[in-house]
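Hello,

Here is the structure I promised to pass on to you. Please open it first, and then read my notes below with the model beside you.

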Amino acid sequence: MRALPWRLFGENHPVRCKEDVRPIFWSMRPKSYVFRTREWDEFPNGRWGNSSSPAFNDLKDYYLFYLKGQPTRDEQLRMYGERLETLADIQKVFVNFITQNINENGVKVSQLPWNEQHDGIRAETSLIKDQLLWCNSNGFLTINSQPSINGAPSTDPFVGWGKPGGYCYQKAYLEFFTSQANAEVLWNLLPSYSRLNCHIVNHDATIDWTNTETTMPIAVTWGVFPGSEIAQPTVVDPLSFRVWKDEAFSAWLNWSSIYAEGTSSRCLLEKFIMSIVW
């Protein structure tokens, strides 16, 4: 059974071992989060504090650390396609990741550029697999998600975590890239959905729209356990989101770098970054 809902990394650190709250954005990149926060004097325990105080380490240093053990260029080309000509080719990569079907090159897309692990989708993703397939087939390219959960036992094989005898709760969460036109439609629909929180940003932050408090974190995962305070191990933090934004967009550049400079595949991905929001 999982101790916490996010992937652990760095739990043997003498100070970090007490950490039990993290932003959801790095849930698929735990090594990155540990690397970028390694110089913090203390780590959140019980509640998430003000992330504007401690600085996140530079992203470029992380890649020297992160690239060890990652798929080779040839392995990535077999997963993502030797040539990308259209948006449909990009969407197909995301769809193949969700389905875990064998692609035309005879391999599974075991990870996307936003994932450190190459073991496919998480167990809880299967609970919203059909919805994610619809999103990715219709231009909403998902990189992180979780289903809504209302009081699942902590021993549940899909969403359980923490000590036995507890109950787990989650707000539905979806993180995706899409066109600015789609984002504008969503933004205009938000007033009709008062319980829906949204944050939209583009690569250079010239678009930065949110309908929530700009500095207040929101718990999206919590648990109730016998003899313990309510645990809130996963949050959406607007300040951390803006830090994660640069890392999320840079993953597109890492993807494009497996194609030779000047090729249509590389140009497509580089141009795509400029036209999407997240």
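**What I found**

To begin with the outside, the protein exposes about 13900 Å², and carbon and sulfur atoms supply 54% of that area. Please keep in mind that this is a predicted model.

**The whole chain**

The secondary structure comes to eight helices and ten strands. Along its principal axes, the C-alpha trace spans about 60 × 45 × 35 Å. How does the radius of gyration fit a compact globule? For 278 residues such a globule would have a value near 19 Å, and the protein has 19 Å, so the two agree.

Of the 278 residues, 47% count as buried. If you take the contacts between residues at least 6 apart in sequence, 64% of them join residues at least 24 apart. As for charge, there are 26 positive and 30 negative side chains, and the centres of these two sets lie 3 Å apart.

**The nonpolar cores**

Next, have a look inside. The largest nonpolar core has 42 residues, and those touching the most other members are Ile90, Phe94, Trp114, Phe177, Trp252, Trp255 and Trp278. Which elements give two or more residues to this core? They are the helices α3 (73-80), α4 (87-99), α7 (238-256) and α8 (264-275), together with the strands β2 (141-146) and β5 (173-179). Helix α7 gives the most, with seven residues.

Ile90 is a good place to start exploring. Leaving aside its neighbours within four places in sequence, Ile90 is in contact with Leu84, Leu141, Trp252, Trp255, Leu268, Leu269 and Phe272. There is also a second, separate core of six residues, and Ala183, Leu190, Ile207 and Val277 are among them.

**Two buried residues to click on**

Ser145 sits in strand β2. Is Ser145 buried or exposed? Its relative accessible area is 8%, and buried means under 20%, so Ser145 counts as buried. Not counting residues up to four places away in sequence, Ser145 touches Arg122, Glu124, Ile128, Leu132, Tyr173 and Leu174.

Thr37 is found in the loop between α1 (30-36) and α2 (59-66). Although it is a loop residue, Thr37 is buried, with a relative accessible area of 0%. With residues up to four places away in sequence left out, Thr37 touches Arg16, Phe43, Phe56 and Asn57. You can also try a distance here: the C-alpha atoms of Thr37 and Pro23 are separated by 12 Å, and these residues are 14 apart along the chain.

**Two positive phi angles**

Finally, look at two backbone angles. Gln100 has a phi near 60 degrees, which is a positive value in a residue other than glycine. Gln100 lies in the loop between α4 and α5 (129-137). With a relative accessible area of 18%, Gln100 is buried.

Ala205 also has a positive phi, near 65 degrees, and is again a residue other than glycine. Where does Ala205 sit? Its place is in the loop between β6 (199-201) and β7 (208-210). At 35% relative accessibility, Ala205 falls between the 20% limit for buried and the 50% limit for exposed, so Ala205 counts as partly exposed.

Enjoy exploring, and write back with any questions.

Best wishes

Technical notes
Residues are numbered from 1 along each chain as its sequence is written. This is a predicted model: local features need pLDDT of at least 70, side-chain atom pairs count only at pLDDT 80 or more; totals for chains, interfaces and linings use all residues. Side-chain values use heavy atoms; hydrogens and water are left out. Helices (H or I, at least four residues) and strands (E, at least two) are DSSP runs, numbered from the N terminus. The radius of gyration is taken over C-alpha atoms; the globule rule is 2.2 Å times the number of residues to the power 0.38. Buried means under 20% relative accessible area, exposed over 50%, partly exposed in between (1.4 Å probe, protein chains only). Contact means heavy atoms within 4.5 Å. Accessible areas come from the Shrake-Rupley method with a 1.4 Å probe; for residues, only the protein chains shown count as cover. Lys and Arg count as positive and Asp and Glu as negative; His and the chain ends are not counted. The place of a charge is taken as NZ of Lys, CZ of Arg, CG of Asp or CD of Glu. A nonpolar core is a set of buried Ala, Val, Leu, Ile, Met, Phe, Trp, Tyr and Cys residues joined through side-chain atoms within 4.5 Å.
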